[in-house]
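Let's read through a protein model together, one feature at a time. The learner asks, the teacher answers.

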Amino acid sequence: MVVDVSINKAYYYDSTFAYLTAHTMSSNVLYGATNAADVTVVSNYAYVLDQTNKRLYRSAAAGTAATASRTLVSATGVSLGTPTGIAINGDTLWILDRKDKAIYRYSLSSAFSGTGNLNAAVKIVLNTKNSNAESVVAYQGYFYVLDNGTTKTFYRYP
């Protein structure tokens, strides 16, 4: 799946990258979400981060209705500021929050079970120079965070 956040559309492809279908995220994919910030595909699921509602939306196949996660909040229960990135490893979900200048850890299975808010289990504070954090990747024990400011710098966090 590829998401074009500027027009709020999700484009679906099969494993050979052949185009399957496209959906406007606000109606078919995200049930009213208005601001998709990031997307990742893991274990046959596509996950889309909704910056406005502070939720993830998960769908298993092109054209199927997405399942909404619980509302993701900080470790202290405060609403996230501006979530801009997702990384998933096994049952661990990491959310990058540009405004809070932090990466938050959640249980992926807990995010999609139950109702209400889900508090982060861990908060990793970003370098103060990483002020335009936009995307996060988890790889071999590190996080790589893109700062999409004028220097387009990657920051590495353990």
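What follows is a short dialogue about a predicted model.

Q: Let's start wide. How many helices and strands does the protein chain have?
A: Secondary structure gives you the parts list. Here the protein chain comes to two helices and 16 strands.

Q: And what share of the residues count as buried?
A: Of the 158 residues in the protein chain, 40% are buried. On the outside, about 8,000 Å² is exposed, and carbon and sulfur atoms supply 50% of that area.

Q: How much of the contact list links residues 24 or more positions apart?
A: Take the contacts with a sequence separation of 6 or more: in this chain, residues 24 or more positions apart account for 37% of them.

Q: On to charges. How many salt bridges does the structure hold?
A: The idea is to look for a side-chain nitrogen of Lys or Arg within 4 Å of a carboxyl oxygen of Asp or Glu. This structure holds one salt bridge. Arg98 pairs with Glu134, and their closest N and O atoms are 3.8 Å apart. Arg98 sits in the loop between strand 10 and strand 11 while Glu134 belongs to strand 14 (residues 133-139), so the pair ties together parts 36 residues apart in sequence.

Q: Are those two partners buried or exposed?
A: Something in between. Arg98 is partly exposed at 26% relative accessibility, and Glu134 is partly exposed too, at 31%.

Q: What about Asp38: where is it, and what is the nearest side chain of opposite charge?
A: With a buried acid, check for a charged partner, then for polar atoms. Asp38 is in strand 4 (residues 36-42). Asp38 is buried without a salt bridge, and the nearest side chain of opposite charge, Arg98, is 10 Å away. What the Asp38 side chain does reach is the backbone nitrogen of Ile86, at 2.9 Å.

Q: Which residues beyond its sequence neighbours is Asp38 in contact with?
A: Skip anything within four places in sequence, and Asp38 is in contact with Tyr47, Val48, Leu49, Thr84, Gly85, Ile86 and Ser135. Ile86 therefore turns up both in this contact list and as the backbone partner at 2.9 Å, a pair that falls within the 3.5 Å limit for a polar contact.

Q: Now backbone angles. Which residues other than glycine have a positive phi?
A: Scan phi for positive values, then look at where each residue sits. Asn44 has a positive phi of about 65°, and its place is the loop between strand 4 and strand 5 (45-50). Lys101 has phi near 55°, again positive, and is found in the loop between strand 10 (92-97) and strand 11 (102-107).

Q: How exposed are Asn44 and Lys101?
A: Asn44 is exposed, with a relative accessible area of 69%. Lys101 is partly exposed, at 30%.

Q: Which residues form a nonpolar patch on the surface?
A: For a patch, look for nonpolar side chains that are accessible and grouped. Tyr13, Phe17 and Tyr19 form one here, with about 380 Å² of accessible area together. Tyr19 is in strand 3 (residues 19-24) and is partly exposed, at 49% relative accessibility.

Q: One last residue. Where is Val137, and which residues is it in contact with?
A: Val137 is in strand 14 and is partly exposed, with a relative accessible area of 46%. Leaving aside neighbours within four places in sequence, Val137 is in contact with Tyr142, Phe143 and Tyr144. The C-alpha atoms of Val137 and Asn89 are separated by 9.9 Å, with their positions 48 residues apart along the chain.

Note on methods: Residues numbered from 1 in each chain as written. Predicted model: local features only at pLDDT ≥ 70, side-chain atom pairs only at ≥ 80, totals over all residues. Heavy atoms only, no water. Helix = DSSP H or I, 4+ residues; strand = E, 2+ residues; numbered from the N terminus. Buried < 20%, exposed > 50% of the residue type's maximum accessible area, 1.4 Å probe, protein only. Lys, Arg positive; Asp, Glu negative; His and termini not counted. Polar contact = N/O pair within 3.5 Å; in protein donor to acceptor, adjacent residues only side chain to side chain. Contact = heavy atoms within 4.5 Å. Areas by Shrake-Rupley, 256 points an atom, 1.4 Å probe, with all protein chains shown as cover. Patch = residues over 30% accessible without salt bridge, like charges linked within 9 Å, V, L, I, M, F, W, Y side chains within 5 Å.
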